[in-house]
Amino acid sequence: MRRFTLVEVIAVTVIMAMLAAVAVATLRDTPPNLAMGKAVDGFALLCGQARVRAMETGTDCSVVFGGERRFYAAQDGKELGFEWSIPDKFGFDPGKAEAGEELFRFFPDGGAAGNATLILKYEDLARKLYISPLTGMLEADDEAE
């Protein structure tokens, strides 16, 4: 009858520990601040794509509230294929915006206009997103609940 060597037992133990670590990391929820940061980055990317498109083409480009939980970039009333959806488990307040309404407009000089604000909520965090008219960049401030 053959028995296991100490090296074989240690190897199997290490492999099982690594699998357990991967399982725990996979099953653990994303921390709220990380989830919020990821969502803000996604919306900032959409706004950045619209801004760059306006500067490249020399034509205004808009970020439009598409209704439900969707936002998209548009130029001359046509969708450009850049879009972002609010992640599951997030709450949001689009302010007075209605479906199909322009939130922000980006100009060929890199500037922007739009007085809309979007408030994202996740667990006990809330961020107010708006566009700086001077820089054309998305700003995100912590919002007190």
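Me: What makes a contact a salt bridge in this predicted model?
Reply: A side-chain nitrogen of Lys or Arg must lie within 4 Å of a carboxyl oxygen of Asp or Glu. By this rule the count is six salt bridges.

Me: Why is the contact of Glu8 and Arg2 called a salt bridge?
Reply: Their N to O distance is 3.5 Å. The cut-off is within 4 Å, so the pair qualifies.

Me: Why do Glu8 and Arg2 fall into their exposure classes?
Reply: Exposed means over 50% relative accessible area, and buried means under 20%. Arg2 has 65%, so Arg2 is exposed. Glu8 has 30%, which is in between, so Glu8 is partly exposed.

Me: How do you know that Glu79 and Arg70 form a salt bridge?
Reply: The N to O distance is 2.5 Å. That is within 4 Å, so the rule is met.

Me: What makes Arg70 partly exposed?
Reply: Its relative accessibility is 22%. Buried requires under 20%, so Arg70 is partly exposed. Its partner Glu79, at 46%, is not over 50%, so Glu79 is partly exposed too.

Me: Why does the pair of Asp142 and Arg127 count as a salt bridge?
Reply: The closest N and O atoms are 2.4 Å apart. The limit is within 4 Å, so the pair counts.

Me: Which parts does this pair tie together?
Reply: Asp142 lies in strand 9 (residues 138-142) and Arg127 in strand 8 (residues 125-131), so the pair ties parts 15 residues apart in sequence.

Me: Why is Asp142 called exposed?
Reply: Its relative accessible area is 60%. Exposed means over 50%, so the label fits.

Conventions:
Residues numbered from 1 in each chain as written. Predicted model: local features only at pLDDT ≥ 70, side-chain atom pairs only at ≥ 80, totals over all residues. Heavy atoms only, no water. Buried < 20%, exposed > 50% of the residue type's maximum accessible area, 1.4 Å probe, protein only. Helix = DSSP H or I, 4+ residues; strand = E, 2+ residues; numbered from the N terminus.
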